[in-house]
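Work through the exercises below with the model open. Each task is followed by a solution in steps.

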Amino acid sequence: MATTQSMYSLPVLARPEIIGILAEYQIINISDSDLTNPTSNFVFSLYTSLLLHLDSLQEDPSQVDFEALERFENPDMHVDAIRAINLYRKIKDVLAAIECPISFTLPDLIRPDSNRTVKFASAIINFFLHKDSKLGMLKPFAEELNVLEEERKQREDKISLFGEEIAAFNEAREREKPLVQEAEAKVKELQQNLDNLNSYQLILRKERQAMKEKAEELENTVKRSEYELIQATQENATLRSKIVQSPDKLQRTLEEKKVVQMEAKDSERLAFQSFQEKTTVLEVYTKASQKMTKQLAQMQAIQEQVNSYKSAEKDVKQLKSKLSDDQMLEKSLEAKVVESQAKARQSDEQKLLIEQEAKLRHEEDTRLLNNAKLEAESRKHDLETWGRKIETVVAEVDSIKEKTKSTKDHAAVTQAELLKKGEAIVNELNLYTSSTAQVMSNMKLQMTAPGN
């Protein structure tokens, strides 16, 4: 069995190799006797099967060119000839394209020779073995290209999906951006209010502490005044008990006490006035304390709002963190997209290289095919000339047939006349023979008679 080679060559294969290769590729089943003693029908089937395997015979070989048949007066008589000529042209084109060193002629199809048939079959078999070898070498690249194309499509699908997710994230971010900005503005405003209230609270606490200190000081002053009043009362009682003992001294002491009492009353009055003032101040401070309590309640309510806004701020931070994560995910997706695009470009470059190689191969095949077509056109012109000569010969043959037919008819008439004359001559000859025989018998009788 012949092996496929990377370099194309045209070695002549042995008959068993040809039979085995044709059977292996399921082209046609033949025997050794078919190659040893080939017939025109056998080589017609062999070359047709080989051309069909090479895809060089696109149309049905049983179909003929009806336009060519219309040129003949009796097309039915030329169908097989035209089929043979079409097959001959295609075989010749293929052998010329594969640079077979032996020229294929029409007698190789009509009256095939065993050695030439083996050589032509070997050339075509070596060509499609070389072709299959090249296709086998390109098959891994084609499969890899298909895999890369599939991966590229999958990556494009992933990129599209990631793009949709990124667009959805961006849309959600743009949709939530006004809410975030509004929440941030409210948080800033509440933070400013909280700072202002904290400052005002510190001021109120300082004022409350100062008022408390003043109230304590007034309370101490009132206690001292009460204590001094009690002492004055006790001294007054002591003086009254001493009035009986010393009137002058008592009078003097009384005057002194009156002065002291007046001073005490003045002090009491001043203390009372001071107490009233302190009481008024205390009431003011009480009212201020009540107001501060209300403000503290308001501050607590505001603090609760601040806490709620802090939770909102926390949610905003979480949203910002989520947006940051989304941005990181977007960056990673962009990196994956860049990587996928790089792989896609690499696959495109590999595909381009394969396409360039296929293009070069196609250009080479096209050049060979054009050369084959040119030679085929030349052969076609020669065949048309030969066909016109054949038509002339056929016309001459037809005229000769007509002359022969008329000659045969005349010869038949002449033969019939000669047969009639011959029969007449034979009849006369028979009569002459019979009469001669009778005369001879009479003469013998006379010669044998006794008196002579």
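**Exercise 1: Confidence**

Task: In this predicted model, find where confidence in the protein chain is lowest and where it is highest.

Solution. Start with the helices: helix 4 (residues 66-69) has the lowest confidence, with a mean of 48, and helix 1 (residues 15-24) has the highest, at 92. Next, take the N-terminal stretch: pLDDT is below 50 over residues 1-6, which have 15 contacts in the model beyond near neighbours in sequence. Then go to residues 57-66, where pLDDT stays under 50 and the model has 14 contacts beyond four places in sequence. Where pLDDT is low, predicted coordinates should not be read in detail. Finally, for the chain overall, the mean pLDDT is 76, and 74% of residues reach 70 or more.

**Exercise 2: The core**

Task: Which elements give two or more residues to the largest nonpolar core?

Solution. The core holds 34 residues, and Leu 22, Tyr 47, Leu 50, Leu 95, Leu 109 and Ile 125 have the most contacts inside it. Its contributors of two or more residues are helix 1, helix 3 (40-53), helix 5 (79-97) and helix 7 (114-242). Helix 7 supplies the largest share, eight residues. For one residue in detail, take Leu 50: leaving out residues up to four places away in sequence, Leu 50 touches Leu 22, Ile 27, Ala 121, Ile 124, Ile 125 and Phe 128.

**Exercise 3: A surface patch**

Task: Classify Leu 135 as buried, partly exposed or exposed.

Solution. Locate Leu 135 in helix 7. Its relative accessibility is 48%, so Leu 135 counts as partly exposed, the limits being 20% and 50%. Together with Leu 138 and Phe 141, Leu 135 makes a nonpolar surface patch of about 280 Å².

Note on methods. Residues numbered from 1 in each chain as written. Predicted model: local features only at pLDDT ≥ 70, side-chain atom pairs only at ≥ 80, totals over all residues. Heavy atoms only, no water. pLDDT = per-residue confidence, 0-100. Helix = DSSP H or I, 4+ residues; strand = E, 2+ residues; numbered from the N terminus. Contact = heavy atoms within 4.5 Å. Core = buried A, V, L, I, M, F, W, Y, C linked by side-chain atoms within 4.5 Å. Buried < 20%, exposed > 50% of the residue type's maximum accessible area, 1.4 Å probe, protein only. Patch = residues over 30% accessible without salt bridge, like charges linked within 9 Å, V, L, I, M, F, W, Y side chains within 5 Å. Areas by Shrake-Rupley, 256 points an atom, 1.4 Å probe, with all protein chains shown as cover. Salt bridge = Lys/Arg side-chain N within 4 Å of Asp/Glu carboxyl O.
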